[in-house]
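Dear colleague,

I am handing over the structure below, and what I found in it follows directly after. Please read the notes with the model open beside them.

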Amino acid sequence: SGELHGPPAHCSYRRELLVEAGGFPEDMRAGEDTVVNNLLFALGYRAYRAQEVTLVHRSRCERPARLVAHHFGRGRAMGRILRDDRRSGRLGLRRLVRIWLIRYLPRRLRLTSASVAGYGDPELRARYDRVRPLVIAGAVAAWAGIWTELLLRRAGGSSG
């Protein structure tokens with residue numbers, strides 16, 4: 001348990017803070033929580049991880065193609081957030097390229113592996129080792145979605 005160093009990926013909200021942030025953006029199907037988390041963090045609010053809380057992610061991605069499509073869509077949502085951050089001046093081009101083009105994939109895969117290893121559960125580690133190709137495929141799909149969104153918009157295309 002303890003304070004997180006950045007906006008959380010998953011969280012619960014105190015209603016008054018969510019209202020203060022303006023709620024979730026209605027025009028976003030994916031990434032709306034990321035926008036709110038980043039805004040609340042920028043406003044000075046902090047997030048805490050409670051060790052006794054267990055997060056369970058139920059996925060409908062039962063086939064590899066669905067998994068890849070899902071993560072590609074999530075990546076496109078992140079690309080829209082990054083594009084808005086670029087327009088507002090919150091994100092410089094150098095940082096965008098360094099973090100989201102060059103470092104994203106190796107960092108995401110390293111952090112995922114470290115999180116699994118951190119649990120110290122040999123059975124979980126063995127299961128993770130079996131599905132690692134799917135983890136890599138999802139991360140690559142998200143990365144491709146980010147850059148598809150950024151490059152389509154830059155070229156004047158639509159985000160569909």
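Arginine 46 places its charged end over the ring of phenylalanine 41, at 3.8 Å from the ring centre; please keep in mind, here and below, that this is a predicted model.

Turning to aromatic pairs, a search of the whole structure finds 1. The ring centres of tryptophan 100 and tyrosine 104 lie 5.6 Å apart and their planes meet at 25 degrees, so the pair counts as stacked, given that planes under 30 degrees apart fall into that class. The two residues belong to helix α4, which covers residues 93-119, and because they are 4 residues apart there, about one helical turn separates them. Tryptophan 100 and tyrosine 104 are both buried.

Tryptophan 100 also appears in the largest nonpolar core, a set of 14 residues in which Leu82, Leu96, Trp100 and Ile146 have the most contacts. At least two residues of this core come from each of α3 (64-88), α4 and α5 (122-154), and α5 provides the largest share, with 5 residues. If neighbours within four places in sequence are left aside, the residues in contact with tryptophan 100 are Met78, Leu82, Arg95, Trp143, Ile146 and Trp147, and two of these, Leu82 and Ile146, are named above among the core residues with the most contacts.

Separate from this core there is a second one, made up of 5 residues, among them Leu17, Leu18, Ala21 and Leu40.

With best regards

Note on methods: Residues are numbered from 1 along each chain as its sequence is written. This is a predicted model: local features need pLDDT of at least 70, side-chain atom pairs count only at pLDDT 80 or more; totals for chains, interfaces and linings use all residues. Side-chain values use heavy atoms; hydrogens and water are left out. Rings of Phe, Tyr and Trp (its six-membered ring) pair if their centres lie within 6.5 Å; planes under 30 degrees apart count as stacked, over 60 as edge-to-face and the rest as tilted. Buried means under 20% relative accessible area, exposed over 50%, partly exposed in between (1.4 Å probe, protein chains only). A charge sits over a ring if NZ of Lys or CZ of Arg is within 6 Å of the ring centre and within 35 degrees of the ring normal. A nonpolar core is a set of buried Ala, Val, Leu, Ile, Met, Phe, Trp, Tyr and Cys residues joined through side-chain atoms within 4.5 Å. Contact means heavy atoms within 4.5 Å.
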